[in-house]
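Trainee: I would like to go through this model with you, one question at a time. Shall we start?

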Amino acid sequence: MSGTLDASGARGLTGKKVTFVVAQGGSYAEGAPREGWDYATGYLKLIATALGATDVEIILAEFTLAGIAPGMESFVDAKAASIESARQAARNRAA
């Protein structure tokens, strides 16, 4: 394992590209009923940055429960579009 040790003995992420792929059952985007409830992505970015990463990306797939959870049938197309967008973002990030 490479990386420098910090004062606590942990290996840092300095100089590393960090990518988190996050799936959300619904959406926490602006205008959504649960806007602002997404605490996970900010926390992940905060931790990676605190460990020294400067190139952090969150790839997000939304509405992943559409077609599974009752009442989310109208979001099936949004789910498909979001998953395809996440796949493309992952491909671009890996290139």
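Trainee: Which residues are linked with Asp55 and Glu57 in a network of salt bridges?

Mentor: This is a predicted model, where local features need pLDDT of at least 70, side-chain atom pairs count only at pLDDT 80 or more, and totals for chains, interfaces and linings use all residues. Residues are numbered from 1 along each chain as its sequence is written, and side-chain values use heavy atoms, with hydrogens and water left out. A salt bridge here is a side-chain nitrogen of Lys or Arg within 4 Å of a carboxyl oxygen of Asp or Glu. By that rule, the network links Asp55 and Glu57 with Arg93.

Trainee: How far apart are the closest N and O atoms of Arg93 and Asp55?

Mentor: These two residues form a salt bridge. Arg93 lies in helix H2 and Asp55 in strand S2 (residues 55–61), so the pair ties together parts that are 38 residues apart in sequence. Helices (H or I, at least four residues) and strands (E, at least two) are DSSP runs, numbered from the N terminus. In space, the closest N and O atoms of Arg93 and Asp55 are apart by 2.8 Å.

Trainee: And how far apart are the closest N and O atoms of Glu57 and Arg93?

Mentor: Glu57 forms a salt bridge with Arg93 too, and the closest N and O atoms are 3.5 Å apart. Glu57 is in strand S2 and Arg93 in helix H2, so this pair joins parts that are 36 residues apart in sequence. To come back to your distance, it is 3.5 Å.

Trainee: Is Arg93 buried or exposed?

Mentor: Buried means under 20% relative accessible area, exposed over 50%, and partly exposed in between (1.4 Å probe, protein chains only). Asp55 has a relative accessible area of 34% and is partly exposed, and Glu57, at 26%, also counts as partly exposed. Arg93 has a relative accessibility of 12%, so Arg93 counts as buried.

Trainee: How many salt bridges does the structure hold?

Mentor: Besides the pairs with Arg93, there is one between Arg91 and Glu84, with the closest N and O atoms 3.7 Å apart. Arg91 is partly exposed at 47%, and Glu84 is partly exposed at 37%. The number of salt bridges in the structure is three.

Trainee: Which residues does Ser82 contact, leaving aside neighbours within four places in sequence?

Mentor: Ser82 sits in helix H2 (residues 76–94). With a relative accessible area of 12%, Ser82 is buried. Taking contact as heavy atoms within 4.5 Å, the partners of Ser82 beyond those neighbours are Leu60, Ala61 and Glu62.

Trainee: In what order do the elements of the protein chain run from the N terminus on?

Mentor: The chain has two helices and two strands. Of its 95 residues, 23% count as buried. From the N terminus on, the order is β-α-β-α.

Trainee: What share of the contacts with a separation of 6 or more comes from residues 24 or more positions apart?

Mentor: This share covers the protein chain, and its base is the contacts with a separation of 6 or more. Within that set, residues 24 or more positions apart account for 61%.
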